[in-house]
Amino acid sequence: MGADGLARCAWGSSTPDYAVYHDTEWGRPLRGDDALYERMTLEAFQSGLSWLTILRKRPAFRLAFDEFHLPTVAAYGDADVTRLLADAGIVRNRAKIEAAIANAHAALELPEGLSALLWSFAPERRPARPSSFAELAPITGESTAMAKALKKRGFRFVGPTTAYALMQAAGMVDDHIVGCHVTLPSAT
């Protein structure tokens with residue numbers, strides 16, 4: 001139960017930033033190539049860090065990566081990598097920055113688009129929400145298949161755990177816990 005009297009998933013009440021993100025974004029069906037590219041990129045940058053760190057840096061990431069506009073990021077060159085490595089507002093990790101640029105290239109090569117590819121791995125909705133986060137696995141068959149398909153198409157920093165976090169964040173799965181006040185629309 002949050003300080004505002006709303007029942008949330010436990011992590012969603014731990015900080016005001018998390019409460020807003022939990023209540024307004026996490027688990028809500030998200031579509032669109034640029035929007036999903038942003039989520040994928042931020043999930044990759046989160047690897048090894050706290051999501052709260054990434055969430056708080058998200059405005060700086062959006063500015064640094066031109067609002068995650070795929071054609072713009074795909075056109076980045078060495079000067080942009082240098083610029084991003086010097087930007088204290090984001091996570092300055094060369095491998096992750098270079099992966100973000102490579103992933104923009106890979107996304108633009110998808111005939112069906114990134115959104116269609118990612119959503120093709122969404123599982124059927126479970127009949128009931130989990131009663132605790134202990135019931136959730138960080139990797140599923142669908143997230144493993146998604147990661148393999150992305151890697152086959154040239155994407156980087158998209159392992160099964162990152163893929164599942166993306167599925168949760170983008171509403172491909174509903175991992176809100178029983179009793180959570182968030183009501184989600186159908187993903188279809």
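**Close-up views of helix packing, a cavity and a pocket**

**View 1. Helix H2 packs against helix H9.** In this predicted model, H2 (residues 33-46) and H9 (residues 160-169) pack at an angle of about 135°, and their axes are 9 Å apart. That angle makes H2 oblique to H9. The crossing in which H2 passes H9 is right-handed. On the H2 side, the contact is made by Leu36, Arg39, Met40, Glu43 and Ala44, while H9 brings Thr162, Ala165, Leu166 and Ala169. Sorted by class, the residues of this contact of H2 with H9 are six nonpolar, one polar and two charged.

**View 2. Helix H8 meets helix H9.** Here we stay with H9 and turn to another partner, H8 (residues 141-152). The two helices, H8 and H9, pack at about 110°, with axes 8 Å apart. H8 and H9 are therefore roughly perpendicular to each other, since angles from 65 to 115 degrees count as such. H8 and H9 make a right-handed crossing. If you would like to pick out the side chains, look in H8 for Glu142, Ser143, Thr144, Met146 and Ala147, which meet Pro160, Ala163, Tyr164, Leu166 and Met167 in H9. The contact of H8 with H9 divides into seven nonpolar residues, two polar and one charged. Leu166 is listed in this contact and also in the contact of H2 with H9.

**View 3. Helix H2 lies beside helix H6.** Back at H2, the partner is now H6, which spans residues 94-108. H2 and H6 pack at an angle of about 155°, their axes 10 Å apart. H2 and H6 are therefore roughly antiparallel to each other, because angles over 145 degrees are counted that way. The crossing of H2 and H6 is right-handed. H2 takes part through Tyr37, Met40, Thr41, Ala44 and Phe45, and H6 through Lys96, Ile97, Ala100, Ile101, Asn103 and Ala104. In terms of class, the contact of H2 with H6 holds eight nonpolar, two polar and one charged residues. Met40 and Ala44 of H2 appear in this contact and also in the contact with H9.

**View 4. The largest cavity is lined in part by H2 and H6.** The structure holds one cavity of 30 Å³ or more, and the largest cavity has a volume of about 40 Å³. To find the largest cavity, look for its lining residues: Thr41, Ala44, Phe45, Lys96, Ala99, Ala100, Asn103 and Phe157. H2 and H6 each supply at least two residues of this lining. H6 gives the most, with four residues. Five nonpolar, two polar and one charged residues make up the lining of the largest cavity. Several names will be familiar from the previous view, including Thr41, Ala44 and Phe45 of H2, and Lys96, Ala100 and Asn103 of H6.

**View 5. The largest pocket has lining residues from H1, H2 and H9.** The largest pocket has a volume of about 460 Å³. Of the 17 residues lining the largest pocket, the closest to its centre are Glu43, Gln46, Trp51, Ala165 and Gln168. The elements that contribute two or more residues to this lining are H1 (16-24), H2 and H9. H9 provides the largest share of the pocket lining, five residues. By class, the lining of the largest pocket comprises 11 nonpolar, five polar and one charged residues. For a link back to the opening view, Glu43 and Ala165 are among the residues that make the contact between H2 and H9.

Technical notes. Residues are numbered from 1 along each chain as its sequence is written. This is a predicted model: local features need pLDDT of at least 70, side-chain atom pairs count only at pLDDT 80 or more; totals for chains, interfaces and linings use all residues. Side-chain values use heavy atoms; hydrogens and water are left out. Axes are lines fitted to C-alpha atoms, for helices over the stretch in contact, and angles run from 0 to 180 degrees between N-to-C directions. Angles under 35 degrees count as roughly parallel, over 145 as roughly antiparallel, 65 to 115 as roughly perpendicular and the rest as oblique. A crossing is left-handed if the near helix is turned anticlockwise from the far one by less than a right angle, and right-handed if clockwise. Contact means heavy atoms within 4.5 Å. Ala, Val, Leu, Ile, Met, Phe, Trp, Tyr, Cys and Pro count as nonpolar, Asp, Glu, Lys and Arg as charged, and the others, Gly among them, as polar. On a 1 Å grid over the protein atoms alone, a cavity is a set of points where a 1.4 Å probe fits but cannot get out, and a pocket is an open set with protein on both sides within 12 Å along at least five of seven lines; lining residues have an atom within 4 Å of a point. Grid points are joined across faces, edges and corners, and a volume is the space filled by probe spheres set on the points.
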